[in-house]
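Let's take a walk through this one together. Have the sequence and the coordinates open side by side as you read.

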Amino acid sequence: MWQWFHKLGSPRWFYQISGKFLPWLALASMVLIVTGVVWGLAFAPEDARQGNSFRIIYIHVPASFLALAGYYVMAAAGAVGMIWKMKLADMVMVAAAPLGAALTFIALFTGAVWGKPTWGTYWIWDARITSMLVLLFLYIGIIALSRSFSTRETSTRACAILALVGTVNIPIIYKSVDWWYTLHQPATIKLTGAPSMHPDMFKPLLVMILGFYCFYALVLLLNTRTEILLREGRATWVKELAQPK
Amino acid sequence: MTTLSGAFFGVIRRDLSIAMRHRGDLLNPLFFFLIVVTLVPLSISPEPARLAAMAPGMIWISALLATLLALDNLFQDDFTDGSLVQLMLSPQPLWLLVLAKIIAHWLVTGLPVVLFSPLLGLMLSLPEEGFAPLLLGLVLGTAVFSLLGAVGAALTVALHKGSVLLSLLVMPLYVPVLIFGTSAVQRAVDGMSYGGVMAMLAAASAFSLLVAPFAAAGALKVGING
């Protein structure tokens with residue numbers, strides 16, 4: 001039963017299996033994102049107060065979700081790599097860092113663009129925006145650290161430690177919404193209870209979130225596969241792969 | 001073979017006596033602290049009312065920068081002369097020795113900054129009610145700075161030009177402490193109770209005391225092999 005767990009330790013097995021997933025993930029994320037974008041931008045009702053400018057929510061919210069979730073993915077992969085010395089988890093961690101940083105940047109950027117028509121300013125020192133910025137700094141720190149060691153193994157171990165220490169900050173990022181409520185609206189989607197959005201606006205958002213999750217998984221797999229090829233360059237199966245057929 | 005406590009206090013005593021023999025290095029972060037605070041009225045306004053409004057934040061930020069400046073020395077010299085590797089080879093648990101090093105480091109860098117801060121509070125015309133939470137908050141806060149900073153210092157010890165990277169790594173981690181620390185002072189100045197905020201600071205320092213020595217010990221093993 002636990003065999004799949006052992007198999008996960010083998011980069012070669014993962015490379016072959018993930019190759020089969022890739023087209024499906026690509027298809028799913030494309031369908032979901034295209035549906036979500038068209039539905040959200042063209043068919044969802046206009047917001048009573050914000051007009052059309054609220055539609056950026058369909059990019060902003062999924063990106064913010066994954067920016068945070070991406071940190072957990074990275075920290076969890078780092079922990080697994082550290083505890084079970086699993087090479088594959090190390091590679092996932094390295095692959096997750098730039099992806100998370102990019103999503104955090106997208107969340108911040110779309111937030112700023114959204115803030116201009118809504119609040120009349122691009123940037124506001126609100127708790128949630130600030131904690132997103134701190135999250136971006138955490139990602140940048142990890143990327144900077146990962147580039148400064150000479151061997152890949154050392155840099156992954158170092159990044160895993162830093163990511164785990166950084167996780168201390170993540171609950172504070174979540175909690176900060178409750179701590180200081182300033183200009184930013186309170187969390188729109190609650191896991192318990194009905195969403196405070198109109199269902200017609202909410203459904204395309206849900207589609208977009210699912211689409212972003214699929215897209216995240218797709219890019220993470222692609223990044224991890226690249227990392228596998230880079231690290232296992234000496235293995236015979238990689239050399240065979242590189243041979244022209 | 002030395003006992004556990006013997007090794008622990010031995011490391012503290014050794015680090016303290018090394019620090020005492022380089023008194024100049026001890027004073028440098030303090031002067032840095034003083035100079036940064038001097039730049040504030042010069043660059044913004046010498047008006048007491050405006051200074052008082054910024055005093056809590058400015059003192060906390062300069063205290064943060066001063067401890068950050070000193071963090072480099074935590075493991076660097078010992079790494080260069082090889083005694084850090086000796087510590088790692090010793091039969092005592094590494095996290096305990098790392099904790100001893102952090103305590104010694106806090107005594108020679110964090111504590112002087114704390115003791116110096118009332119003077120800077122005076123210079124920035126901080127209202128009287130702010131002094132007690134400033135001192136108390138800085139005691140707890142600089143401890144967190146040293147503890148969390150040790151993890152970053154351990155990760156970057158073997159790197160060339162590690163000091164810029166070090167500040168990049170640890171400054172985001174300092175954010176909550178800075179928020180609680182300044183808001184404690186601000187609340188006291190505004191006549192509100194600051195017990196709750198101070199409790200959060202105390203919780204942060206207790207938690208980092210629990211976690212940081214292990215993380216720093218792990219980081220040292222990684223950092224030195226790299």
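What follows goes from the overall model to its helices, then to its empty spaces and a few single residues.

First, some housekeeping. This is a predicted model, in which local features need pLDDT of at least 70 and side-chain atom pairs count only at pLDDT 80 or more, while totals for chains, interfaces and linings use all residues. Residues are numbered from 1 along each chain as its sequence is written, chains are lettered from A and ligands numbered from 1 in the order in which they are written, and side-chain values use heavy atoms, with hydrogens and water left out.

On confidence, the model comes with an ipTM of 0.84 and a pTM of 0.85. Chain B has an average pLDDT of 88, and 99% of the residues score at least 70; pLDDT is the predictor's confidence in each residue, on a scale from 0 to 100.

Now chain A. Its secondary structure amounts to 9 helices and 0 strands, where helices (H or I, at least four residues) and strands (E, at least two) are DSSP runs numbered from the N terminus. Of its 245 residues, 47% count as buried. Buried here means under 20% relative accessible area, exposed means over 50%, and partly exposed is in between (1.4 Å probe, protein chains only).

H6(A) is a good helix to pause on. With 15 residues, H6(A) reaches 21 Å from its first C-alpha to its last, close to the 21 Å expected at 1.5 Å a residue; the expected span is 1.5 Å times one less than the number of residues. This helix is mostly covered, with 11 of its 15 residues buried. Among them are Thr154(A), Cys159(A), Leu162(A) and Gly166(A).

Two of those names come back when we look for empty space: Leu162(A) and Gly166(A) both help line the largest cavity. How many cavities of 30 Å³ or more does a search of the whole structure find? It finds 1, and the volume of the largest cavity is about 40 Å³. On a 1 Å grid over the protein atoms alone, a cavity is a set of points where a 1.4 Å probe fits but cannot get out, whereas a pocket is an open set with protein on both sides within 12 Å along at least five of seven lines; lining residues have an atom within 4 Å of a point. Grid points are joined across faces, edges and corners, and a volume is the space filled by probe spheres set on the points.

Both chains contribute to the lining of the largest cavity, which includes Tyr71(A), Phe137(A) and Ile142(A) along with Leu168(B), Leu169(B), Pro172(B) and Leu173(B). The elements that give two or more residues to this lining are helix H5 (127–146) and helix H6 (152–166) of chain A, together with helix H8 (162–189) of chain B. By class, the lining has 9 nonpolar, 2 polar and no charged residues. Ala, Val, Leu, Ile, Met, Phe, Trp, Tyr, Cys and Pro count as nonpolar, Asp, Glu, Lys and Arg as charged, and the others, Gly among them, as polar.

Over in chain B, the second largest pocket has a volume of about 550 Å³. Of its 25 lining residues, Ile18(B), Ala19(B), Asn73(B), Asp77(B) and His105(B) are the closest to its centre. Its lining has 11 nonpolar, 6 polar and 8 charged residues. Helices that each supply at least two of them include H3 (48–71) and H6 (94–123) of chain B.

Both of these helices are kinked. In H3(B), a kink of about 50° lies at Ala55(B), shortly before the proline Pro56(B); H6(B) has one of about 40° centred on Trp106(B). The bend at a residue is the angle between axes fitted to the seven residues ending there and the seven starting there. Even so, the end C-alpha atoms of H3(B) are 33 Å apart, in agreement with the 34 Å that its 24 residues should span. H6(B), with 30 residues, reaches 42 Å, close to the expected 44 Å.

After H6(B) comes Ser125(B), whose phi is positive, near 45°. Most residues other than glycine have a negative phi. Ser125(B) lies in the loop between H6 and helix H7 (131–155) of chain B, and at 27% relative accessibility it counts as partly exposed. Chain A has a case too: Lys85(A) has a positive phi of about 50° although it is not a glycine. Lys85(A) is found in the loop between helix H3 (57–83) and helix H4 (87–119) of chain A, and it counts as exposed because its relative accessibility is 58%.
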